[in-house]
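Visitor: Please take me through the enclosed empty space in this model, one cavity at a time, with attention to what forms the walls.

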Amino acid sequence: MIPSEWLDQARARIEPHIRRTPLTFDARRQTYIKWENRQVTGSFKARGAFNKVLSLEPWEREAGLVAVSAGNHGQGVALAAQTSGARVEVFVPAQAVEKKVAAMRALGAEVHFVEGGYADAEIAGREYAARKEKTWISPYNDAQVIAGQGTIALEILEDLPEPAENWIVPVGGGGLISGIGAALVSARPRPRLVGVQSQASPFAHAVFHRRPQEGLPDLPTLADGLSGALERDSVTIPLLQEFADDVLLVSEEQIAQAIAFAWYEYRETIEGSSAVTLAAILSGQVSGAPAVALITGGNIQPEVHASILSRFSEKSWA
């Protein structure tokens, strides 16, 4: 469990280093949208990274930090490390998004590429941190990271003019949905909390439905930040099962359409890991209004974004 006071402490700790992002309302779809693509580093991940790094003991920072990332967590850790004077190394899958890798390096991170997918990079990073006696900064399996992510919900609850029936959240390792769930424990009426991820990497979906992760596909996906299996002992597994009311899957085509929709409808650049929430709304998988949809990041490779936009025209969206 993540106590409410941890969320309050996280908010006070990270407030000087992050932005309060806007919450807007789409009247046609009766949806409030939280734009974390406008966050520092272009992603909500900066919240959890800052909270974890700033809560470390001095000797833990001096030992050097190690993280695994598809890109956004690594940027958050690198920025937090830069702010606190720590060195950081980030392990990434070989096919990590070039824009995200460049951003990590620009923030001072040493990047290690690992052949295979995200799970392979995570194993390599954890083993390296243990062998070198460095401080491991998990992107999700850490209570301070979860508390930092939960600060998004505190902002939304303050800005939301009416109760929402559904909160729709991207889910990968489960850190974000766990933090949101902890923040909503005392909300009255309590909204339904719905996670969304890609069919290409449905590990959190399986965990929520209490099915094994073994044998599941881990295919390339536009939602690269949500891919990969959860650690077997992750604190997010019981939290996901406790807080989430459902976890949905969307296709790559639906994610692409949602990326285009965000640009043509709102002139917002979002990445695939963010677009899953809009994909669930546009595909009619979420019923009940009003809703809150989290857009968690905007770090998409420019040529990928341009290619997606070329497939869709500016039009009236269903």
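Guide: In this predicted model, a good place to begin is the second largest cavity, where α11 (252-266) and α12 each supply at least two residues of the lining. Of these helices, α12 provides the largest share of that lining, with three residues, and the full set of residues around the second largest cavity is Asp26, Arg29, Thr31, Phe261, Tyr266, Leu278, Ile281 and Leu282. Sorted by class, this lining holds five nonpolar residues, one polar residue and two charged ones, and the space it surrounds has a volume of about 30 Å³. With cavities counted from 30 Å³ upwards, the model has two of them.

The other is the largest cavity, which holds about 360 Å³ of space and has a lining of 33 residues, among which Phe44, Lys45, Gly173, Gly225 and Leu226 lie nearest its centre. Here α12 (272-282) appears again, since the helices that each supply at least two residues to the lining of the largest cavity are α4 (72-84), α8 (175-184) and α12. In this lining it is α8 that gives the most, with three residues, while in the lining of the second largest cavity the largest share comes from α12. As for chemical class, the walls of the largest cavity comprise 16 polar, 13 nonpolar and four charged residues.

How values were computed: Residues numbered from 1 in each chain as written. Predicted model: local features only at pLDDT ≥ 70, side-chain atom pairs only at ≥ 80, totals over all residues. Heavy atoms only, no water. 1 Å grid on protein atoms, 1.4 Å probe; cavity = no way out; pocket = protein on both sides within 12 Å on 5 of 7 lines; lining within 4 Å. Points joined across faces, edges and corners; volume = space filled by probe spheres on them. Helix = DSSP H or I, 4+ residues; strand = E, 2+ residues; numbered from the N terminus. Nonpolar A, V, L, I, M, F, W, Y, C, P; charged D, E, K, R; others polar.
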